[in-house]
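Me: I have a structure open and want to go through some details with you. Can we start with the strands and then move to side chains?
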Amino acid sequence: MRILLLTHAFNSLTQRLAAELRQCGHEISIEFDIADTVTEEAVALFRPELIVAPYLRRAIPESIWSHHVCLIVHPGIIGDRGPSALDWAIQGGEAEWGVTVFQAEAEMDAGPVWASVGFAMRTARKSSLYRNEVTQAATSAVMQAVQRFASKDFVSQAAATFPNLRGRLRPLMKQVDRCVDWACDDTAAVLRKIHAADGFPGLADSLFDKPCHLFDAWPEGIVRGKPGAVMARRETALLRATVDGAIWIGHVKRSGGIKLPAALAFEREATAVPELALADWWRCESPTWQDIAYEEGGPVGVLHFEFYNGAMSSAQCERLRRALQWVKQRPIRVLLLMGGLDFWSNGIHLNLIEAASMAQGSAADESWRNINAMNDLALELINTGQQITIAALGGNCGAGGCFLARACDLVWVRDAVLLNPHYKNMGNLYGSEYWTYLLPQRIGLDAAQVLMRDRQPLTTRRALQIGFADACLEGDSTVFRREVRERAATLAGAPDLEQRLAAKCQTRQRDEAVKPLAAYRAEELTQMRRNFYGFDPSYHIARHHFVHKSPASWTPRHLARHRDLGWQIP
Ligand code: COA
């Protein structure tokens with residue numbers, strides 16, 4: 001079938017649906033919901049048999065839904081309506097939730113139901129539930145709905161006809177519905193409220209008597225204090241007391257500003273707050289805020305790095321590199337690089353780079369520092385001779401993060417993960433992290449060029465097919481983490497481990513003799529210097545729009561296939 005995906009943005013859910021539907025043999029094209037006339041033009045060009053809307057912020061015009069079946073993906077159970085479905089579900093403490101696919105009609109969110117898939121709720125940020133449970137359920141529901149549509153004999157039913165209907169129309173959740181009363185709300189309630197607003201719009205509150213939106217909250221198990229008071233800082237997070245405990249706040253957005261690590265957004269105020277370092281940086285303390293942690297089980301070491309949104313600043317890269325150097329001295333044979341729950345890595349920290357430019361500093365200098373710190377980290381990984389290194393990707397991974405993962409000997413990926421191993425979407429960025437060494441040796445030069453040029457997301461299955469990934473493991477994050485440990489232990493106990501390590505060192509020496517890593521780095525950085533300091537400001541403009549979330553004014557041509565010159569209905 002020809003299916004048009006009509007969406008507000010090419011977000012992870014839309015990427016996943018596009019990839020899955022293509023894998024089923026459907027012809028997919030994408031149009032951003034910019035204006036009714038643009039949508040009408042896209043429909044006229046592509047002549048879709050079906051329109052699927054995974055992520056919309058406005059209604060589909062009647063001129064479209066009255067002539068085409070348009071299936072809307074709603075992150076709510078049958079009967080649920082309104083723009084804050086997940087926010088209400090999290091804040092209301094729902095135990096079970098779901099995704100419903102219904103047909104667009106005149107009344108918003110009220111059309112007949114084509115499919116619905118449920119899931120168990122988890123204590124997590126809205127964005128985390130969206131990227132995991134919602135995306136998984138939405139993928140199943142859309143696949144079911146598309147099959148039902150293709151069968152031509154399915155009769156969709158109005159939500160009201162379903163028995164035991166729990167869902168109902170709920171309004172947009174406003175900040176008055178979210179606000180925290182620090183003198184009354186306990187830790188669980190504060191967490192629920194911040195989670196329900198994270199990653200967007202954040203919870204409106206104040207810190208140091210300045211208004212800001214709060215994000216990235218973590219419970220603290222030990223420290224207590226006067227409710228509402230900021231008691232301590234650790235790295236970039238701030239600790240604030242509740243009535244029955246305390247929570248760490250990792251990120252904030254100040255009025256007129258952008259989302260930043262809390263202690264950096266309030267840099268001056270935070271210096272007066274006492275530092276509460278962990279007794280041992282590596283020991284997994286729970287519950288608390290800890291962005292880098294290490295555990296060991298026999299010959300297997302596990303390095304965790306939980307960086308918000310997968311963005312890695314110069315300081316985080318440097319701290320992770322020092323942690324890695326320390327871990328490499330441990331008596332282990334296999335090292336798992338576990339990353340975070342939602343993201344493994346998304347490369348350099350674009351918000352901190354943007355913040356440098358907003359503070360009259362140099363975004364080019366900060367970009368340069370950050371890419372060099374990423375490269376130093378990648379180099380430390382590539383030059384690991386005593387252990388087999390494994391990137392265990394339980395969460396999505398993009399841009400430089402993908403090549404940092406490829407700097408490990410093996411890349412094991414959870415099957416629901418999406419990879420975006422390319423840089424050009426960020427204003428034609430050339431990219432570094434030794435990708436010119438790491439990628440062609442895995443997938444071949446031609447395939448590497450195609451991957452970089454086409455800028456399409458890769459499903460795990462596709463990544464495995466082309467050789468970018470080495471293994472695909474099923475299950476949720478908990479199952480994945482258990483399984484990678486088991487596999488790593490088997491690898492560490494394998495009789496050929498010593499040979500494997502020796503072969504790896506030989507290959508590295510041989511490669512170094514043919515062309516030193518320093519040469520790859522210098523070539524990549526020559527291009528990056530141009531991106532950062534050169535006459536073409538595309539990277540700075542693209543980063544600005546990305547960080548400030550400027551609405552798209554057109555659909556990128558590599559997504560809108562129907563706009564290709566000479567495109568014809570197959
Ligand atoms: N730096 C700072 N923030 C980043 C980031 C980065 N490198 N990559 C992602 N984010 C943030 C987004 O701004 C968004 O923030 P929010 O919580 O305020 O909404 C959040 O992470 C999730 O990103 P989103 O784009 O919504 O996720 P996705 O899963 O739909 O898409 C990517 C994932 C990787 C395709 C997309 O985030 C991306 O293109 N990131 C930039 C990668 C990049 O160019 N890095 C620099 C070169 S190494």
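Me: Which residue in S11 is the bridge partner of Leu238?
Reply: Ile249 is the S11 partner of Leu238. Keep in mind that this is a predicted model.

Me: And what is the bridge partner of Ala217 in S11?
Reply: Ile249 again; Ala217 bridges to that residue in S11.

Me: How do S8 and S11 pair, and over how many bridges?
Reply: Strand S8 (residues 210-220) pairs with S11 in the antiparallel sense, over eight bridges.

Me: How many bridges join S10 to S11?
Reply: Four, and strand S10 (residues 237-241) runs antiparallel to S11. The two strands form a hairpin with four residues between them.

Me: What about S12, how many bridges there?
Reply: Three bridges join S11 to strand S12 (residues 259-261), also in an antiparallel arrangement. One of the partnerships is Val252 with Leu260 in S12. The hairpin of S11 and S12 has four residues between the strands, and Gly256 has a positive phi near 75 degrees there.

Me: Why is S11 described as largely enclosed?
Reply: Because seven of the nine residues of S11 (residues 246-254) are buried.

Me: Changing topic. How many aromatic pairs are there?
Reply: The structure holds 16. In one of them, Trp281 and Trp282 have ring centres 6.1 Å apart and planes at 80 degrees, so the pair is edge-to-face.

Me: Why does Trp281 count as partly exposed?
Reply: Because its relative accessibility is 32%. Trp282 is also partly exposed, at 24% relative accessible area.

Me: What is the geometry of Phe403 and Phe468?
Reply: Phe403 and Phe468 are an edge-to-face pair, 6.3 Å centre to centre with 85 degrees between the planes. The pair links distant parts of the chain, 65 residues apart: Phe403 is in helix H13 (residues 400-406), and Phe468 is in the loop between helix H16 (460-466) and strand S22 (471-473).

Me: Buried or exposed, those two Phe residues?
Reply: Phe403 and Phe468 are both buried. They belong to one aromatic cluster with Tyr423, Tyr430 and Trp435.

Me: Where does the charged end of Arg543 sit?
Reply: Over the ring of Tyr539, 5.1 Å from its centre. Lys549 lies over the face of Phe546, at 5.8 Å from the ring centre.

Me: Last one, how many disulfides?
Reply: Zero.

Me: Why is Cys408 not bonded to Cys397?
Reply: The sulfur of Cys397 is the closest cysteine sulfur to that of Cys408, but at 10 Å it is too far for a bond. Cys408 is buried, with a relative accessible area of 3%. For Cys24, the closest cysteine sulfur is in Cys472, 16 Å away, which is too far for a bond.

Technical notes
Residues numbered from 1 in each chain as written. Predicted model: local features only at pLDDT ≥ 70, side-chain atom pairs only at ≥ 80, totals over all residues. Heavy atoms only, no water. Phe/Tyr/Trp six-rings, centres within 6.5 Å; stacked < 30°, edge-to-face > 60°. Buried < 20%, exposed > 50% of the residue type's maximum accessible area, 1.4 Å probe, protein only. Lys NZ or Arg CZ within 6 Å of the ring centre and 35° of its normal. Disulfide = S-S within 2.5 Å. Pairing = 2+ DSSP bridges.
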